[in-house]
Amino acid sequence: MTDTILVTGGTGFIGSHAVVSLQQAGYRVQILDNLCNSDIKVLDAIASITKTRPDFMEGDIRDGNLLAKIFDKRRFGAVMHFAGLKAVGESSAMPLAYYDNNVNGSVQLLTAMQQAGLKNFIFSSSATVYGEPQKLPLTEDHPRSSTNPYGHTKLVIEDILANLRNSDNAWRIACLRYFNPVGAHPSGLIGEAPQGVPNNLMPFVAQVAAGQRPNLQVYGNDYDTPDGTGVRDYIHVMDLADGHVKALDYCLKAQPGLTTVNLGTGKGYSVLEVIAAFEQASGKPVPYQVVARRPGDVGACWASTTKAFDLLGWRAEKCLDDMCQDAWRWELSRHDV
Ligand code: NAD
Ligand code: UFG
């Protein structure tokens with residue numbers, strides 16, 4: 001078994017943090033990324049943190065010829081697959097781009113792996129596959145549904161992975177359902193760099209605290225939650241990254257099969273609690289106004305973490321204050337505030 005891992009999307013937000021954790025756990029890393037939503041400078045930042053520059057190939061996961069060459073040239077222990085498009089709103093405007101990038105891209109990647117005889121695969125799924133929660137906390141056997149094309153691509157890829165595993169029991173697959181990844185590496189050298197107006201709460205709050213935007217719009221305060229605002233299970237991206245290493249170790253050691261695991265903290269925070277924690281961490285005000293609910297949002301969502309702990313021996317360690325402090329350090333590293 002080789003200890004080199006192919007990381008698709010490894011210069012992106014979650015992928016770059018996973019590369020750091022993989023290197024620190026002793027794995028070598030080859031990144032494949034087309035840089036459609038990330039910057040090549042991330043490689044320098046990773047090298048500053050880990051003292052090892054990951055190998056990098058600029059290219060697209062939909063390019064079957066390129067994939068065949070990559071698998072021909074080097075043997076890998078596993079593939080960690082982060083590459084994909086992830087904006088919910090954009091997916092409704094450009095569904096074909098999402099099915100092509102996410103579903104077709106995954107099929108191309110899995111096909112090339114099968115041809116190369118490499119059957120160890122870690123997939124970035126999402127809590128979005130649970131749809132409207134029927135019961136909290138969300139356990140992995142909760143019924144799945146999707147309300148937008150992005151979420152549907154995750155459902156379809158999960159089904160493809162189940163079909164693949166049923167067709168050939170040599171596959172070892174971990175399907176990791178992330179809750180709400182936030183924060184940044186504590187060095188402030190890598191983090192989330194959304195292009196344009198951030199869709200997600202934490203990067204938006206950070207930009208308001210930094211004076212880049214005048215105020216935050218809070219999408220509804222009439223949910224059935226303690227303060228009426230939406231509740232989510234925010235997870236520090238370094239905890240998430242460590243969860244990937246644990247899932248990889250598990251996959252490589254356990255019997256072949258497909259395992260689906262939540263990666264969350266098991267604790268939900270409301271929008272107003274996030275605002276207060278960020279104000280505390282940054283020492284800056286975060287002005288906000290309450291507006292109508294955002295279509296498609298659920299009221300509350302948090303993970304059952306039992307399976308992740310029982311199977312992988314993993315649980316998230318960092319709290320909301322850590323998430324806000326690290327997100328703020330990353331924000332400060334990018335602007336004069
Ligand atoms: P990101 O956009 O920061 O990273 C994705 C990376 O993939 C980028 O570097 C991009 O350039 C690359 N990429 C996209 N399409 C590609 C292609 N066809 N070929 C090669 N490279 C390509 O996103 P992220 O937040 O790091 O998310 C990583 C994965 O986790 C995605 O699959 C996403 O759907 C999933 N996920 C993210 C969240 C979240 O809130 N960030 C939540 C649940 C699941
Ligand atoms: N929110 C605001 N104002 C904003 C942005 C968000 O009030 O400007 C609220 C939302 O209404 C929600 C909470 O903050 O209550 C969190 O919203 P995010 O957009 O940060 O996160 P979501 O839970 O809506 O979605 C995220 C990803 C999805 C993923 C899902 C589950 O964007 O891709 O987590 O993992 F599927």
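# Ligand shells and helix crossings

Reader: By class, which residues does the shell around ligand 2 have?
Author: Ala, Val, Leu, Ile, Met, Phe, Trp, Tyr, Cys and Pro count as nonpolar, Asp, Glu, Lys and Arg as charged, and the others, Gly among them, as polar. Split that way, the shell around ligand 2 has 11 nonpolar, 7 polar and 3 charged residues.

Reader: What kind of model is this?
Author: Residues are numbered from 1 along each chain as its sequence is written, chains are lettered from A and ligands numbered from 1 in the order written, and side-chain values use heavy atoms, without hydrogens or water. Local features need pLDDT of at least 70, side-chain atom pairs count only at pLDDT 80 or more, and totals for chains, interfaces and linings use all residues, since this is a predicted model.

Reader: How many residues surround ligand 2?
Author: A residue belongs if one of its heavy atoms lies within 4 Å of the molecule. The closest are Asn 200, Gln 217, Arg 232, Arg 294 and Asp 297. The full count around ligand 2 is 21 residues.

Reader: Which strand gives the largest share of that shell around ligand 2?
Author: Strands are DSSP runs of E with at least two residues, helices are runs of H or I with at least four, and both are numbered from the N terminus. The largest share is 4 residues, from residues 216-219. That is strand S8.

Reader: What share of ligand 2 does the protein bury?
Author: Take polar contacts to the ligand, N or O pairs within 3.5 Å. Backbone atoms of Phe 179 and Asn 199 lie 2.8 Å and 3.5 Å from oxygen atoms of ligand 2, while a polar backbone atom of Gln 217 is 2.7 Å from a nitrogen atom of the ligand. Taken alone, ligand 2 exposes 690 Å² (Shrake-Rupley, 1.4 Å probe). The protein buries 89%.

Reader: How much of the accessible area of ligand 1 does the protein cover?
Author: Oxygen atoms of ligand 1 lie 3.3 Å from a polar backbone atom of Gly 12 and 3.0 Å from one of Phe 82. A polar side-chain atom of Lys 154 is 2.9 Å from a ligand 1 oxygen. On its own, ligand 1 has 820 Å² of accessible area, and the protein covers 95%.

Reader: Which element gives the most to the shell around ligand 1?
Author: The shell has 27 residues, the closest being Asp 33, Asn 37, Ser 38, Lys 86 and Tyr 150. By class, it has 10 nonpolar, 12 polar and 5 charged residues. Helix H1 (13-24), strand S5 (120-126) and helix H6 (149-167) each give two or more. With 3 residues, the top contributor is S5.

Reader: Which peptide bond is cis?
Author: Look in the loop between S5 and H6, where Pro 137 is found. Omega is near -5 degrees for the bond from Leu 136 to Pro 137.

Reader: Where is Leu 35 found?
Author: Leu 35 has a positive phi of about 60 degrees, although it is not a glycine. Its place is the loop between strand S2 (28-33) and helix H2 (42-50).

Reader: At roughly what angle do the axes of H7 and H11 cross?
Author: Axes are lines fitted to C-alpha atoms, for helices over the stretch in contact, with angles from 0 to 180 degrees between N-to-C directions. H7 passes H11 (residues 320-334) in a right-handed crossing, meaning the near helix is turned clockwise from the far one by less than a right angle (anticlockwise is left-handed). Their axes come within 10 Å and cross at roughly 55 degrees.

Reader: How are H7 and H9 set to each other?
Author: The axes of H7 (residues 201-209) and H9 (residues 271-282) come within 10 Å and cross at roughly 40 degrees. The crossing is right-handed. Under 35 degrees counts as roughly parallel, over 145 as roughly antiparallel, 65 to 115 as roughly perpendicular and the rest as oblique. H7 and H9 are therefore oblique.

Definitions and conventions. A polar contact is a pair of N or O atoms within 3.5 Å; within protein, one must be able to donate a hydrogen and the other to accept it, and residues adjacent in sequence count only if both atoms are side-chain atoms.
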